[in-house]
Amino acid sequence: MFISRKSLSRSVHDEHQEQPELVETQGGNLCTSVTVWRKSLIVTCKGFTVIDSNGNLVYRVDTYVGGRPMELVLMDGSGKPILTMRRSTNLRLVGTWLIYGGEVGEFCTSEKPVFYVKKSINILNANSNVLAYVYRRSSDKRYAYVIEGSYSHRSCKVLDETKRVVAEIRPKDALKRGISLGLEVFVLIVQAGFDPGYAMGLVLLLDQMFS
């Protein structure tokens, strides 16, 4: 059983995968902007539904288990897995999620993660604004990206090593039938050159870490 998508968009096309399109900002930069709904289209699941500015379904997450899942799968609009995220069971990597490309088998040991995302522990970090660090390898001392802000307020930025913002989460100011959409609906803005799929994967992990 599915929830009607008309509450967020006038039309969503499932027949083919829609890629989020690049748009030009007021500053002349190219970026991708999508609306993220913190709800699965399947009534019996928890998850996320992501649509672009044209109302096309571009990403979805449907989680059948309750509580704190050990694995999340980000799918495109047609249901094809594009990222698999797993909690690390290694004691050296406590608080870390591993991001793999595509779908990964349950007992797969040959696939190497694309990224390691580690939750920041404020008691050990002088900068309490930092939410998480993203590493390319588990042995790296220097992060590839850092996530700052407040996920509970849906106000976060992903910055690269040069402190350039590559992705941003913002609240969505909108009313639906006189009811505020609140924190369940927000905007993800991704700068050109950074993969929107990976950006959405980071959103999913922030939700697990800070919800």
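Cysteine 156 is buried in this predicted model, with a relative accessible area of just 3%. Cysteine 45 also counts as buried, at 9% relative accessibility. So how many disulfides does the structure hold? Zero. For anyone who wants a reminder, a disulfide is a covalent bond between the sulfur atoms of two cysteines.

Let's move on to serine 40. You'll find this residue in the loop between β2, which covers 30-37, and β3. Is serine 40 buried or exposed? Its relative accessible area is 1%, and because buried means under 20%, serine 40 is buried. What does its side chain meet in there? One partner is the side chain of aspartate 62, joined to the side chain of serine 40 by a polar contact of 2.5 Å. A polar atom of the serine 40 side chain also lies 3.0 Å from the backbone nitrogen of isoleucine 42.

Stay with aspartate 62 for a moment, please. Aspartate 62 forms a salt bridge with arginine 60, and the closest N and O atoms are 2.8 Å apart. Both arginine 60 and aspartate 62 are buried.

Now for the salt bridges in general. Across the whole structure, a search finds eight of them. One of these links glutamate 184 with arginine 38, with 3.4 Å between the closest N and O atoms. Where do these two residues sit? Glutamate 184 is in the loop between β14 (179-180) and β15 (185-191), while arginine 38 is in the loop between β2 and β3, so the pair ties together parts that are 146 residues apart in sequence. Glutamate 184 counts as partly exposed at 33% relative accessibility, and arginine 38 is partly exposed too, at 26%. Bring in Asp207 and you have a network of salt bridges linking Arg38, Glu184 and Asp207. Elsewhere, aspartate 140 and arginine 137 meet through their side chains in a salt bridge, at 3.2 Å from N to O.

Two of those network names come back in my last topic, the largest pocket. Its volume is about 370 Å³. The pocket is lined by 17 residues, and the closest to its centre are Arg38, Lys46, Gly67, Asp207 and Gln208. Which elements each supply at least two residues of the lining? They include β3 (46-51), β4 (57-63) and α1 (196-210). As for chemistry, the lining divides into six nonpolar, five polar and six charged residues.

If you want one thing to look up on the screen, try Arg38: this residue belongs to the salt-bridge network and is among the residues closest to the centre of the largest pocket. Thanks, everyone!

Terms used. Residues are numbered from 1 along each chain as its sequence is written. This is a predicted model: local features need pLDDT of at least 70, side-chain atom pairs count only at pLDDT 80 or more; totals for chains, interfaces and linings use all residues. Side-chain values use heavy atoms; hydrogens and water are left out. On a 1 Å grid over the protein atoms alone, a cavity is a set of points where a 1.4 Å probe fits but cannot get out, and a pocket is an open set with protein on both sides within 12 Å along at least five of seven lines; lining residues have an atom within 4 Å of a point. Grid points are joined across faces, edges and corners, and a volume is the space filled by probe spheres set on the points. Helices (H or I, at least four residues) and strands (E, at least two) are DSSP runs, numbered from the N terminus. Ala, Val, Leu, Ile, Met, Phe, Trp, Tyr, Cys and Pro count as nonpolar, Asp, Glu, Lys and Arg as charged, and the others, Gly among them, as polar. Buried means under 20% relative accessible area, exposed over 50%, partly exposed in between (1.4 Å probe, protein chains only). A polar contact is a pair of N or O atoms within 3.5 Å; within protein, one must be able to donate a hydrogen and the other to accept it, and residues adjacent in sequence count only if both atoms are side-chain atoms. A disulfide is a pair of cysteine sulfur atoms within 2.5 Å. A salt bridge is a side-chain nitrogen of Lys or Arg within 4 Å of a carboxyl oxygen of Asp or Glu.
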